[in-house]
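Work through the three exercises below with the sequence and the 3D structure at hand. Try each task before reading its solution.

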Amino acid sequence: MSEEKCKRVYITTPIYYVNDVPHIGHAYTTIIADTLARYSRLAGMDVFFLTGTDEHGQKIEQAAKARGKSPKEYADEISARFKSLWDEFEISYDKFIRTTDEEHVKGVQKAFEVMYENGDIYKDLYRGHYCVSCETFFTEQQLVDDEFCPECGRSTSIVEEESYFFRLSKYQDRLLEWYDSRPDRILPKSKRNEVINFVKNGLDDLSITRTSFDWGIKLPEKIGDPKHVMYVWLDALMNYVTALGYGTDEKLMHYWPAKVHLIGKDILRFHAIYWPAFLMSLGLELPHHVAAHGWWTRNGEKMSKSKGNVVDPKEIADAYGLENFRYFMLREVPFGQDGDFSQRALIDRINSDLGNDLGNLLNRIIGMSGKYFDFRVESDGVATHHGEELKEAEAIFGSVEPYLYEIQTNRYLEDLWKTLRIANKAIDTGMPWVKMKEGKEEEAMATIALVANILAKVSVLLHPFMPKTTQTIAKALGFTIDHESYLRLVREGALLERFTIEKVPPLFPRIEEPLVETPAEKAAKEEAKKPKKAEPKKGDAEDESGANLITIDQFFQVSLKVGTVVEAEEVPKSKKLLKLQVDLGEAKPRQIVAGIKEWYAPADLVGTQVCVVANLKQAKLMGMVSEGMILAAKDDEGLALIRPEKPKKAGTPIG
Ligand code: MSP
């Protein structure tokens, strides 16, 4: 997408649910949006950058209740945490919207009226499977094992209620035309087909009101149906225009349509299907692009509160430096793909890309210019002595911008780093220290000036990613990064002609070891802090049979039996589970669902024996009943099942 044609640039992040505190995923979207906004401002665009919080819906109502708070109290508290984190991160948003803002509420009601009046909303009865956590209805076919949410795996419930519907089906063809109108409506382009196929499969009308809870925007009074509140996604999506005053004071509406809605891949359907359809119904223009990024995992695992492995962006930024963290996120993952967060990967990027490539280059220039030229640099000889290198670097500087507008920040940065390599190579081959000895001062100066100019241009183009660090680099090179220097150095390809270099402290001190304790380390520390249980004293029978030991009777309360695996199969959509039928000498085999798929193939299990805890209460895993547990031992090298040394009759007690 080229930003040239459009001098106004409206950029949005999703508005974040207030049922959770900010984590790395939220920081990622916000930092991409911030970088884009900063770049657009540097390039002279009139930018409006929106972020905020999504505060209505059953999920929030429930989260507040669980904490003994009113939904508004709770929303105020969490919304403030998002806002203060973005402020601390110096996110350059122009507006922070909350869906509890009065103007937003009025704007959404206005939109409902408009859609209602033009015949796009009707009342009917809704029956469907609802996932409270995702605030989404699913059809029976979409459910996993007839009950579970295909998005988050949680149990869904059947909801039957009177509801207003939006005629989404009516917009199917126009949506398809819209996707066709440009190949990059949906970014990355690989996601485009996913959306198109979904729409081609047919769109059902969308239930857009609820009567089963209260925490939402009421329908407009005109409709006269006070039982209903609006579906949270209708409410939330509208934020992109109510923030500009839609339905109230429309003075910022000239920013519409959005240049890009930045979102995560999980909410693409809402943004690429529902949202444009709502806009068509309202007679508003459609956004230029919807760009969906992938998910962050931690050390290869999905992040979740229950695992305690959620990356706290503030903790990481505090330890490693906010701008280093920004660089890492925007460099590490190709847009649209999932990325893994590990402190090792972050440390490598800081030491290698930032320290070795960028920081050292600056140090070399500071050192040589000081030693040979009293820090005074002139660029007159660059074209003569380093014309080729300059041309090569300029070609890159002139061609990186589109990557940014395609949100390919990793490729943008990779290309900038190519110019650092050109600069490093120019020093290694130009060898200014040799030239100085040979009395070829002009050549030595030309090499230093080439490198300083490459560094200057890199710092301008890197400024949206690392605003403060790059100003420090610019200061060292005797200039300031602003729109004017952007035009001169990047657009016009001019050189800093005569300038004095200033010493700056090293920008990227080397980091050897992870600076933040991992969740496992934290847990171990907590454990160590707990008071130790008294060590049993010698000869003290009471203590020997003390608190952490069990009696033989207690042991025999556990019924352990030998079982023979008679059937084994994989559980579809599960990475971990196998479903086994285990003969325990009873009328029929027991079904046992076990997390051993990573280590055992079903075919290798059939006919073998296992040890089973036979008197465990039944449990349900992914909707399947499990009637026991098999014993296994797991260490760093993997998992091994515990088996009788010689075959035993199925059902033989173990004791
Ligand atoms: N409130 C809705 C958005 C409404 S926009 C009109 C919502 N909120 S959210 O807080 O649950 O998620 C916000 C964003 O965070 C989504 O874009 C989601 O993809 C992103 N992430 C949540 N967890 C994530 C990771 N682990 N990694 C990357 N981003 C992820 O959805």
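The exercises that follow deal with a predicted model and cover its ligand, a pocket and a sheet.

**Exercise 1. The ligand site**

Task: Find which residues and elements surround the ligand, and state how much of the ligand the protein covers.

Solution:

Step 1. Start with the shell. It consists of 23 residues, and the closest are I15, D54, G264, D266 and W296.

Step 2. Look for polar contacts, taking pairs of N or O atoms within 3.5 Å. A polar side-chain atom of D266 is 2.4 Å from an oxygen atom of the ligand. The side chain of D54 has an N or O atom 2.7 Å from a nitrogen atom of the ligand. In Y17 a polar backbone atom lies 3.1 Å from a ligand oxygen atom.

Step 3. Turn to the cover. On its own the ligand has 660 Å² of accessible area, and the protein covers 93% of this.

Step 4. Assign the shell to elements. Two or more residues come from each of β1 (8-17), α1 (24-42), α7 (232-237), α8 (239-242) and β11 (260-264). β1 contributes the most, with four residues.

Step 5. Sort the shell by type: 13 residues are nonpolar, eight are polar and two are charged.

**Exercise 2. The second largest pocket**

Task: Describe the volume and the lining of the second largest pocket.

Solution:

Step 1. The volume of this pocket is about 550 Å³.

Step 2. Its lining has 24 residues, and those nearest the centre are F137, T139, Q142, D204 and Y274.

Step 3. At least two lining residues come from each of β4 (121-131), β5 (136-138), β8 (206-207) and α9 (268-282). β4 has the largest share, with four residues.

Step 4. By type, the lining holds ten nonpolar, eight polar and six charged residues.

**Exercise 3. The four-stranded sheet**

Task: Give the strand order of the open sheet of four strands, and explain why β5 and β8 each have one side without a neighbour in the sheet.

Solution:

Step 1. Read the order across the sheet: β5-β4-β6-β8, with antiparallel pairing.

Step 2. β5 and β8 are at the edges and each has a single partner strand, so one side of each has no neighbour in the sheet.

Step 3. Examine the pair β4 and β6 (residues 157-166). These strands are antiparallel and are joined over ten bridges.

Step 4. Locate one position in this pairing: Y130 stands opposite S157 in β6.

Conventions:
Residues are numbered from 1 along each chain as its sequence is written. This is a predicted model: local features need pLDDT of at least 70, side-chain atom pairs count only at pLDDT 80 or more; totals for chains, interfaces and linings use all residues. Side-chain values use heavy atoms; hydrogens and water are left out. A residue is near a molecule or strand if one of its heavy atoms lies within 4 Å of it. A polar contact is a pair of N or O atoms within 3.5 Å; within protein, one must be able to donate a hydrogen and the other to accept it, and residues adjacent in sequence count only if both atoms are side-chain atoms. Accessible areas come from the Shrake-Rupley method with a 1.4 Å probe; for residues, only the protein chains shown count as cover. Ala, Val, Leu, Ile, Met, Phe, Trp, Tyr, Cys and Pro count as nonpolar, Asp, Glu, Lys and Arg as charged, and the others, Gly among them, as polar. On a 1 Å grid over the protein atoms alone, a cavity is a set of points where a 1.4 Å probe fits but cannot get out, and a pocket is an open set with protein on both sides within 12 Å along at least five of seven lines; lining residues have an atom within 4 Å of a point. Grid points are joined across faces, edges and corners, and a volume is the space filled by probe spheres set on the points. Two strands pair if DSSP finds at least two bridges between them.
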